[in-house]
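Please walk through this structure with me, moving from its aromatic side chains to its charged ones and then to the fold as a whole.

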Amino acid sequence: MSANSLPPLPSQLKQIQHYLKTATEHDKRDPVVAYYCRLFALQSGMDIDKKTPECRSFHVALMDYLEKVKKETDSEALTNEVVGQAHMENYALKVFLYADNEDRAARFNKNVVKSFYTAGMLFDTLSVFGELSEDIDKNRKYAKWKAAYIHKCLKNGETPIPGPQREEGDEDQGTGSGPIGFEHPGPSQPYIPQPGPSTYQPGPSSSSLNLPGSNTSPGDAPTGAHAPPSTPQEPQNHAKPAAPTVTYNTEWKPPANSAGAQLTPVQYQKAMKYCKYASSALQYEDSPTAIDNLTKALTLLTTGKDS
């Protein structure tokens with residue numbers, strides 16, 4: 001089964017077509033991004049309508065397709081949620097930072113609109129891993145507002161104002177002059193950039209854009225390249241050593257560390273995650289974030305407490 005073999009999208013599920021089209025655009029460019037865009041579309045679609053026959057048939061077909069992709073794609077990002085979340089956060093942030101840098105440099109065009117729009121959708125998909133962090137949610141709302149704002153300005157022949165704007169009494173992230181008190185996002189935590197190009201270069205612009213809140217019809221989503229020209233390949237899965245056999249206890253536990261704290265596998269995984277965040281921040285020369293995450297990792301490893 002290929003994505004092209006999926007049944008037509010029922011009209012009741014029109015809301016999720018943007019995510020499905022973004023997935024199609026990433027099938028070859030980044031299968032992990034494509035997978036999680038479709039997974040988010042599936043979850044959202046089931047919330048919209050899972051009872052009518054046509055919607056139920058579509059959901060079942062999409063579910064079967066995702067299972068097939070998960071089995072055939074040799075990527076830890078599809079089998080390990082921590083790795084998958086890090087991959088998606090990193091990818092979404094790259095697209096967002098490209099658009100934000102172009103916006104602040106006053107280089108306004110359709111590619112910048114598409115980049116903000118796509119970043120907003122990619123931040124949406126992160127909800128498949130749980131509740132969005134405050135930073136991610138802030139970036140998500142800002143990206144969607146910026147896409148609609150710049151698109152409207154270009155359509156009306158106006159010059160957009162670069163960067164976030166403040167206006168007293170304007171509290172809605174998605175309307176008016178911009179989010180109140182929104183500061184430059186910088187390297188949002190958590191994210192894990194992978195080795196490879198850090199600059200996002202969009203492809204050819206499309207002739208039309210359809211954005212939430214714009215005056216265009218809610219038909220097709222923006223097309224064209226929305227992502228970095230190349231993304232890092234996920235590491236190949238390697239056989240992992242089996243956990244040690246413990247004959248004196250029915251349940252194996254990690255040994256206590258030198259500081260005397262008895263850590264669980266989940267705590268070790270959390271510490272590793274903090275170290276990855278620190279490494280990512282160093283790639284962006286963000287020493288405060290790196291120090292903060294290394295401190296959290298050390299505190300967790302030595303005391304067993306998550307600060």
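One aromatic cluster is formed by F96, F116, F123, Y142, W145 and Y149, in a structure, here a predicted model, that holds nine aromatic pairs. In one of these pairs F96 meets F123 edge-to-face, with the ring centres 5.7 Å apart and an angle of 65 degrees between the planes; the angle counts as edge-to-face because it is over 60 degrees. This pair links distant parts of the chain, since F96 belongs to helix α4 (residues 81-104) and F123 to helix α5 (residues 110-125), 27 residues apart. Both F96 and F123 are buried.

Helix α5 also contains Y117, a residue whose relative accessible area of 5% places it among the buried ones, because buried means under 20%. Y117 and A143 are 26 residues apart in sequence, yet their C-alpha atoms are 6.3 Å apart in space.

Between α4 and α5 runs a loop in which A106 lies, and the backbone of this residue deserves a closer look. Most residues other than glycine have a negative phi. A106, although not a glycine, has a positive phi of about 60 degrees. With a relative accessible area of 42%, A106 is partly exposed.

The charged side chains can be followed in a similar way, and a search of the whole structure finds 11 salt bridges. One of them joins E102 to R107, the closest N and O atoms being 2.8 Å apart. How do the two partners of this bridge stand with respect to burial, buried or exposed or in between? E102 is buried, with a relative accessible area of 12%, whereas R107, at 44% relative accessibility, counts as partly exposed.

Another salt bridge is formed by K68 and E72, whose closest N and O atoms are 3.1 Å apart. Both residues lie in helix α3 (residues 53-72), where a spacing of four residues sets them about one turn of the helix apart. At 28% relative accessibility K68 counts as partly exposed, while E72, at 56%, counts as exposed, because the cut-off for exposed is over 50%.

Which helix holds both K141 and D137? These two residues are four residues apart in helix α6 (residues 134-155), and so they are separated by about one helical turn. Their side chains meet in a salt bridge of 3.4 Å, taken from N to O, which qualifies because the limit for such a contact is 4 Å. K141 is partly exposed at 33% relative accessibility, and D137 is likewise partly exposed, with a relative accessible area of 21%. The two also take part in a network of salt bridges that links D124, D137, R140, K141 and K144.

These local features can now be set within the whole protein, which has eight helices and zero strands, so that from the N terminus on its elements run α-α-α-α-α-α-α-α. Of the 307 residues in the protein, 47% are buried. Among contacts between residues at least 6 apart in sequence, 72% join residues at least 24 apart. The accessible surface of the protein comes to about 16100 Å², and 53% of this area belongs to carbon and sulfur atoms.

Methods: Residues numbered from 1 in each chain as written. Predicted model: local features only at pLDDT ≥ 70, side-chain atom pairs only at ≥ 80, totals over all residues. Heavy atoms only, no water. Buried < 20%, exposed > 50% of the residue type's maximum accessible area, 1.4 Å probe, protein only. Contact = heavy atoms within 4.5 Å. Areas by Shrake-Rupley, 256 points an atom, 1.4 Å probe, with all protein chains shown as cover. Phe/Tyr/Trp six-rings, centres within 6.5 Å; stacked < 30°, edge-to-face > 60°.
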